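Trainee: Hi, have you got a few minutes to go through this one with me? I'd like to start with the rings.
Mentor: Sure, let's put it on the screen.

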Amino acid sequence: MQPTTPTTPTAAITTTTLSLTVDDVTASQKFFTTYLGYTEQAAAEGFASLTRPDAAADIVLLARGTEILPPEQRDRRATGLILALTLATGIKDEERRLREEGVEITMPLREEPWGERLFQVTDPNGVIIQFVEWAAPQEA
């Protein structure tokens with residue numbers, strides 16, 4: 001097989017959307033809108049489309065088993081992924097706010113040697129949301 005020369009995409013991407021298949025669309029929808037600043041764009045039985053006014057990815061929630069998914073995808077759940085939301089500043093305040101509002105912090109705030117501050121929460125369907133703030137790496 002001969003290598004191909006990369007081409008420049010011709011279509012402009014306007015939004016990034018993460019589609020998550022979950023058991024309980026309403027529970028995840030409530031979590032994202034109550035605690036994470038998302039608003040509902042559209043919703044129907046087994047479906048919700050969520051957005052934020054900033055640069056965060058939009059989210060589509062689909063009920064596991066829904067007929068609109070190809071048969072081989074219908075029973076899969078959103079597992080093994082982390083939705084990472086990068087903050088410009090204020091990660092300590094965000095972690096405190098969520099904790100005070102009753103959200104379980106499933107991985108406490110920590111700083112990695114390469115300069116990443118992060119913590120995690122988990123929605124009712126097991127979707128892991130990681131908040132990240134970049135800082136200067138620690139000296140060796």
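Trainee: How many aromatic pairs does the count come to?
Mentor: The count comes to four aromatic pairs. Keep in mind that this is a predicted model.

Trainee: OK, and why is the pair of phenylalanine 31 and phenylalanine 32 called edge-to-face?
Mentor: Their ring centres are 6.1 Å apart and the planes stand at 80 degrees, so the pair is edge-to-face. In general, a pair of aromatic rings is described by the distance of the centres and the angle of the planes.

Trainee: Are those two, phenylalanine 31 and phenylalanine 32, buried or exposed?
Mentor: Both phenylalanine 31 and phenylalanine 32 are buried. For the protein chain as a whole, 35% of the 140 residues count as buried.

Trainee: Which residues form the aromatic cluster?
Mentor: Phe31, Phe32, Tyr35 and Tyr38 form one cluster. Tyrosine 38 also has a charge over its ring: the charged end of arginine 52 sits there, 5.9 Å from the ring centre.

Trainee: Let's switch to pockets. What volume does the largest pocket have?
Mentor: About 190 Å³. It is lined by 13 residues, and the closest to its centre are Arg52, Asp54, Ala56, Leu85 and Leu87. So Arg52 turns up again, as the arginine over the ring of tyrosine 38.Trainee: Which element gives the largest share of that lining?
Mentor: That is β5, with three residues. Both β5 (82-86) and α2 (91-100) supply at least two residues each.

Trainee: And what is the lining of the largest pocket like by class?
Mentor: There are eight nonpolar residues, four charged ones and one polar one.

Trainee: Now the fold. How many helices and strands does the protein chain have?
Mentor: Two helices and eight strands. Starting at the N terminus, the order is β-α-β-β-β-β-α-β-β-β. The C-alpha trace spans about 50 × 50 × 25 Å along its principal axes.

Trainee: I'm looking at β2 and β3. How many bridges join them?
Mentor: Five bridges join β2 (residues 39-44) to β3 (residues 47-51), and the two strands run antiparallel. As an example, glutamate 40 has leucine 50 in β3 as its bridge partner.

Trainee: What about the turn, which residue takes a positive phi there?
Mentor: Glycine 46 does, with phi near 75 degrees. The hairpin of β2 and β3 has two residues between the strands.

Trainee: Great, thanks for the tour!
Mentor: Any time.

Definitions and conventions
Residues are numbered from 1 along each chain as its sequence is written. This is a predicted model: local features need pLDDT of at least 70, side-chain atom pairs count only at pLDDT 80 or more; totals for chains, interfaces and linings use all residues. Side-chain values use heavy atoms; hydrogens and water are left out. Two strands pair if DSSP finds at least two bridges between them. Helices (H or I, at least four residues) and strands (E, at least two) are DSSP runs, numbered from the N terminus. On a 1 Å grid over the protein atoms alone, a cavity is a set of points where a 1.4 Å probe fits but cannot get out, and a pocket is an open set with protein on both sides within 12 Å along at least five of seven lines; lining residues have an atom within 4 Å of a point. Grid points are joined across faces, edges and corners, and a volume is the space filled by probe spheres set on the points. Ala, Val, Leu, Ile, Met, Phe, Trp, Tyr, Cys and Pro count as nonpolar, Asp, Glu, Lys and Arg as charged, and the others, Gly among them, as polar. Rings of Phe, Tyr and Trp (its six-membered ring) pair if their centres lie within 6.5 Å; planes under 30 degrees apart count as stacked, over 60 as edge-to-face and the rest as tilted. Buried means under 20% relative accessible area, exposed over 50%, partly exposed in between (1.4 Å probe, protein chains only). A charge sits over a ring if NZ of Lys or CZ of Arg is within 6 Å of the ring centre and within 35 degrees of the ring normal.
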